[in-house]
Amino acid sequence: MSVNIEQVTRYFESKLYVLMHDPPDKAWLIINGINHVNRAKELYQRLFQGTPFGGGVPNLESDMRIIKSDKLASSFDRWIFLKPSRSNYVYKRIRLLNIFNPSYSYEIPPMTTTVLLMRFENTSRI
């Protein structure tokens, strides 16, 4: 069985792109009106710098597999809202809720950009 290195590379690029598509501080960025896509690209480049995937963020925005996986992943944390809402408002506090029992929750404190980038730089050295 022969291995097509281009297909393998494309496979891992797609996986990494999906994993890195939304930065860990996305919710805080949205609340503060900051573009989370640019942050995700910056973190991708920092994390994979000096690795075989350090050539920049792959151009996969139009790949339907990635678009569908992003929609599916983003919908998981939204079905907790059982009633449709007509108002557009943003909570200033971010909490993780247990979807089976929303009375169990954990508040996520804001993370500074400096701390986030430092964690990514430490991770990229592993």
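This note goes through a predicted model point by point, from the overall fold to individual side chains.

1. Overall layout. The chain contains five helices and two strands. Their order along the sequence is α-α-α-α-β-β-α, with the two strands standing between the fourth and the last helix. Among contacts with a separation of 6 or more, 54% join residues that are 24 or more positions apart.

2. Surface and interior. The chain has 126 residues, and 21% of them count as buried. Its accessible surface is about 10,100 Å². Carbon and sulfur atoms contribute 59% of that surface.

3. The nonpolar core. The largest nonpolar core has nine residues: L16, M20, L43, Y44, L47, F48, L116, L117 and F120. At least two of them come from each of helix 1, helix 3 and helix 5 (113-124). Helix 3 gives the largest share, with four residues. When residues up to four places away in sequence are set aside, L16 touches Y44, F48 and F53. Two of these contacts, Y44 and F48, are themselves members of the core.

4. Aromatic pairs. How many aromatic pairs does the structure hold? There are two. In one, the ring centres of Y11 and F12 are 5.2 Å apart and the planes stand at 80°, so this pair is edge-to-face. The cut-off behind that label is a plane angle over 60 degrees. Both residues are partly exposed: Y11 has a relative accessibility of 47%, and F12 has a relative accessible area of 41%.

5. The second aromatic pair. The rings of Y44 and F48 have centres 4.7 Å apart and planes at 55°, so the pair is classed as tilted. Both residues belong to helix 3 (residues 36-48) and are four residues apart, about one turn of the helix. Are Y44 and F48 buried or exposed? Both are buried, and both appear in the largest nonpolar core.

6. Salt bridges around D22 and D25. The structure has five salt bridges in total. One of them joins K26 to D22, with the closest N and O atoms 3.5 Å apart. D22 counts as partly exposed because its relative accessibility is 27%. Another joins D25 to R39, where the closest N and O atoms are 2.2 Å apart. This second pair links distant parts of the chain, since D25 sits in the loop between helix 1 (5-20) and helix 2 (26-31) while R39 is in helix 3, 14 residues away. D25 and R39 are both buried.

7. R39. This residue is in helix 3. R39 counts as buried because its relative accessible area is 9%, and the cut-off for that class is under 20%. Its side chain also makes a polar contact of 2.2 Å with the side chain of D25. Which residues does R39 contact, leaving aside neighbours within four places in sequence? They are P23, D25, L29, T113 and L116. One of these, L116, is a member of the largest nonpolar core.

8. H36. Like R39, H36 lies in helix 3. H36 counts as buried because its relative accessibility is 18%. The side chains of H36 and D22 are joined by a polar contact of 3.5 Å. Apart from neighbours within four places in sequence, H36 is in contact with D22, P23, K26 and L29. Two of the residues in that list, D22 and K26, form a salt bridge with each other. P23 and L29 are also among the contacts of R39.

9. The network at D63. R65 and D63 meet through their side chains in a salt bridge, with an N to O distance of 2.8 Å. The two partners fall into separate accessibility classes. R65 is exposed, at a relative accessible area of 55%, whereas D63 counts as buried at 12% relative accessibility. R10 joins D63 and R65 in a network of salt bridges.

10. Points to look at first. In the predicted model, a reader may begin with helix 3, which supplies four residues of the largest nonpolar core. Helix 3 also holds the Y44 and F48 pair and both H36 and R39. From R39, the salt bridge to D25 leads to the loop between helix 1 and helix 2.

Definitions and conventions: Residues are numbered from 1 along each chain as its sequence is written. This is a predicted model: local features need pLDDT of at least 70, side-chain atom pairs count only at pLDDT 80 or more; totals for chains, interfaces and linings use all residues. Side-chain values use heavy atoms; hydrogens and water are left out. Rings of Phe, Tyr and Trp (its six-membered ring) pair if their centres lie within 6.5 Å; planes under 30 degrees apart count as stacked, over 60 as edge-to-face and the rest as tilted. Buried means under 20% relative accessible area, exposed over 50%, partly exposed in between (1.4 Å probe, protein chains only). Contact means heavy atoms within 4.5 Å. Accessible areas come from the Shrake-Rupley method with a 1.4 Å probe; for residues, only the protein chains shown count as cover. A salt bridge is a side-chain nitrogen of Lys or Arg within 4 Å of a carboxyl oxygen of Asp or Glu. A polar contact is a pair of N or O atoms within 3.5 Å; within protein, one must be able to donate a hydrogen and the other to accept it, and residues adjacent in sequence count only if both atoms are side-chain atoms. A nonpolar core is a set of buried Ala, Val, Leu, Ile, Met, Phe, Trp, Tyr and Cys residues joined through side-chain atoms within 4.5 Å.
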